[in-house]
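Colleague: I'd like a close look at one part of this protein, and then a walk outward from there. Could you take me through the side chains slowly, bench-style?

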Amino acid sequence: MDSANLALHTDKYQINMIYAHWINGTHQRKVVFEAYFRKLPFGNGYAVFAGLERIVAYLTNLRFTEKDLSYLAKQEENYDPKFLELLRNFRFNGNLHSLAEGALCFPNEPLVRVEGTIMETQLVETALLNFMNFQTLIATKASRVKRVASLDVLLEFGTRRAQEADAAVWGARAAYISGFDATSNLLAGEIFDIPTKGTHAHSWVQIFDSELEAFETYAKALPDGVSLLVDTFDTLESGVPNAIKTAKMLEAQGIKMASIRLDSGDLAYLSIQARNMLDEAGLSYVKIVASNDLDENTIFNLKAQGARIDIWGVGTQLITAADQPALGGVYKMVEREREGKMEPTIKISGNPEKVTSPGKKDVLRIISKENGKAIADYICFPHEQQARNGGKLRLFDPVHPYIKKSVKDYEAVSMQQPIFIDGKLVYDLPTLDQIRAYHQEQLNLFWPEYLRKLNPEIYRVSLSQEAWELKQKMIEEHLGQHDEESSF
């Protein structure tokens, strides 16, 4: 969980490229990289940006320890000791701009921008993408679940199925950003001050001679907020009746039992029947918790079947993002220093979606002054002022330029914020509750059509005319050069 001593949390080819630059004397050459994703995860209408807090901690603590340097000295590349001395004194002295955590984001718009020497920008690529990709993926999945669960309580239960401790703890944080109410992970609770919740396991029931004894013993030990798992033997014939007896025992002491939990079987049918049994016993205040490989699709279907579930425990499907286990974010160079001046650079690919948009860019969210809703995102160069000044704006789809519209009477909100300037942290990290509130504010900016689970409307991301023309010009120049080379 500690972000210190992560200098070697990188791919070896990063070190090798930095070394080759050092040998060539180009390691101090200035460049600009942008991190983004090309395709929305889960077939969703939006993604939720997360991971910035860990990126900040990583860059703040980025140092090569003596142990790191000793390890590098043993590598087959046989790095020059003078290079290792350079690493010994390394500090991140670049600039970093980023979206705020909790922001809604979309394909092909720069989420994080890193400016600095090729040495520092290349070194941080792997870790930055690792933190951004995983936490953004989980925050997006959690937001999808929250959209379906609506006002129901959501508990993050994924620790034991997560891909190791870091994924469990930072995944719990990402889920909390997007509206989950609590986590079962105590370490995440301690580190991030996330509320923690838990019930008991089947083994608790199995070790006693009877289910009723197990329930009553547990209730006596933890009388406040008792939640009983009722499916160890037979949910409706045994579990719920014994839970009702336990609840009555607590009532006699002036205590209200909190909930029962269903973890197997037909959750829709069982929850309806259990609700009827509880209500008939005068226990309408007892909530029903459900778990068992839940995700937004299962919850959506259970609600459609009339399930009487108040609290959802979501674990494996969330923490592993089971239906799409990676975001696929990339980190691409968009500017380079040449003869003392910065110039745009482009990556050409046989796959059109992999062709980059050259030049350092900002993301502006265009908000209607009439209704306060987002119209589109506008990607432009920092020097462009038309959108920032509220002038009439022409928006068009970069892939299909004939899809276009003009907008006026809007506010352009800059989505990227300065985080590091010349290696100095200039950003006050918000609290987790502030990030949660910001995420909700972001959702409120969008019409429901963009946020719905099924067939969401496509939110438009537009390149400025200048940015689009530069991209076309550089593509044509490359193709022209290629044609000339091919003619020989």
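What follows starts at one glutamate and then moves through the other parts. Where does Glu101 lie, and which residues is Glu101 in contact with, leaving aside its neighbours within four places in sequence?

Modeller: Sure. Keep in mind that this is a predicted model.

Let's start with the glutamate. Glu101 sits in the loop that runs between β3 (95–98) and β4 (104–105). Is it buried or exposed? Glu101 counts as buried, because its relative accessibility is 5% and the cut-off for buried is under 20%. Leaving aside neighbours within four places in sequence, Glu101 is in contact with Phe49, Ala50, Gly51, Leu52 and Glu53, and also with Gln135, Arg173, Ile177, Ile435 and Tyr438. Two of those contacts can be described in more detail. A polar atom of the Glu101 side chain lies 3.3 Å from the backbone nitrogen of Leu52. The backbone nitrogen of Glu53 is likewise 3.3 Å from a polar atom of the Glu101 side chain. For a sense of scale, take Glu251, which is 150 residues away from Glu101 along the chain: the two C-alpha atoms are separated by 44 Å.

Now for another buried polar residue. Gln122 belongs to helix α5 (residues 118–123). With a relative accessible area of 8%, Gln122 is buried too. Its side chain makes a polar contact with the side chain of Gln14, at 3.3 Å. Not counting residues up to four places away in sequence, Gln122 touches Met17, Ile18 and Phe33 as well as Gln14.

On to the rings. Searching the whole structure turns up 18 aromatic pairs. One of them is Tyr79 with Phe83: the ring centres are 5.8 Å apart and the planes are at 45°, so this pair is tilted. Tyr79 and Phe83 are both buried. Another pair, Phe396 with Trp468, is edge-to-face, with 5.6 Å from centre to centre and 90° between the planes. Phe396 comes from strand β16 (residues 393–396) and Trp468 from helix α17 (residues 465–486), so the pair ties together parts that are 72 residues apart in sequence. Phe396 is buried, at 4% relative accessible area. Going back to Tyr79 and Phe83, they form one aromatic cluster together with Tyr19 and Trp22.

Some rings have a lysine over the face. Lys141 lies over Phe42, 5.0 Å from the ring centre. Lys453 lies over the face of Phe300, also at 5.0 Å from the ring centre.

Next, the annotated domains. UniProt, in an unreviewed entry, places "domain: Nicotinate/nicotinamide phosphoribosyltransferase" at residues 155–350. In the model, that stretch is 41% helix and 16% strand, and its end C-alpha atoms are 44 Å apart.

There is also a sheet to look at. Its 6 strands make an open sheet in the order β7-β6-β11-β10-β9-β8, with parallel pairing. β7 (182–183) and β8 (227–229) stand at the edges with a single partner strand each, so one side of each has no neighbour in the sheet. At the β8 edge, 3 bridges join β8 to β9 (residues 259–262), and the two run parallel. Within that pairing, Ser227 stands opposite Ser259 in β9.

The second annotated domain also comes from an unreviewed UniProt entry, which lists "domain: Nicotinate phosphoribosyltransferase C-terminal" at residues 360–471. Over those residues the chain is 21% helix and 33% strand, and the end C-alpha atoms are 12 Å apart.

A serine makes a good last stop. Ser368 lies in strand β14 (residues 362–368) and is buried, with a relative accessible area of 11%. What does its side chain reach? The Ser368 side chain reaches the backbone nitrogen of Glu370 at 3.1 Å. The side chain of Ser368 also makes a polar contact with the side chain of Asn371, at 3.4 Å. Leaving aside neighbours within four places in sequence, Ser368 is in contact with Lys373, Ile375 and Asp409.

If you want to follow this on screen, here are the buried polar residues from the walk. Glu101 lies in the loop between β3 and β4, Gln122 is in helix α5, and Ser368 is in strand β14.

Terms used:
Residues numbered from 1 in each chain as written. Predicted model: local features only at pLDDT ≥ 70, side-chain atom pairs only at ≥ 80, totals over all residues. Heavy atoms only, no water. UniProt positions renumbered as here; feature names shortened; annotations may be inferred. Buried < 20%, exposed > 50% of the residue type's maximum accessible area, 1.4 Å probe, protein only. Contact = heavy atoms within 4.5 Å. Polar contact = N/O pair within 3.5 Å; in protein donor to acceptor, adjacent residues only side chain to side chain. Phe/Tyr/Trp six-rings, centres within 6.5 Å; stacked < 30°, edge-to-face > 60°. Lys NZ or Arg CZ within 6 Å of the ring centre and 35° of its normal. Pairing = 2+ DSSP bridges.
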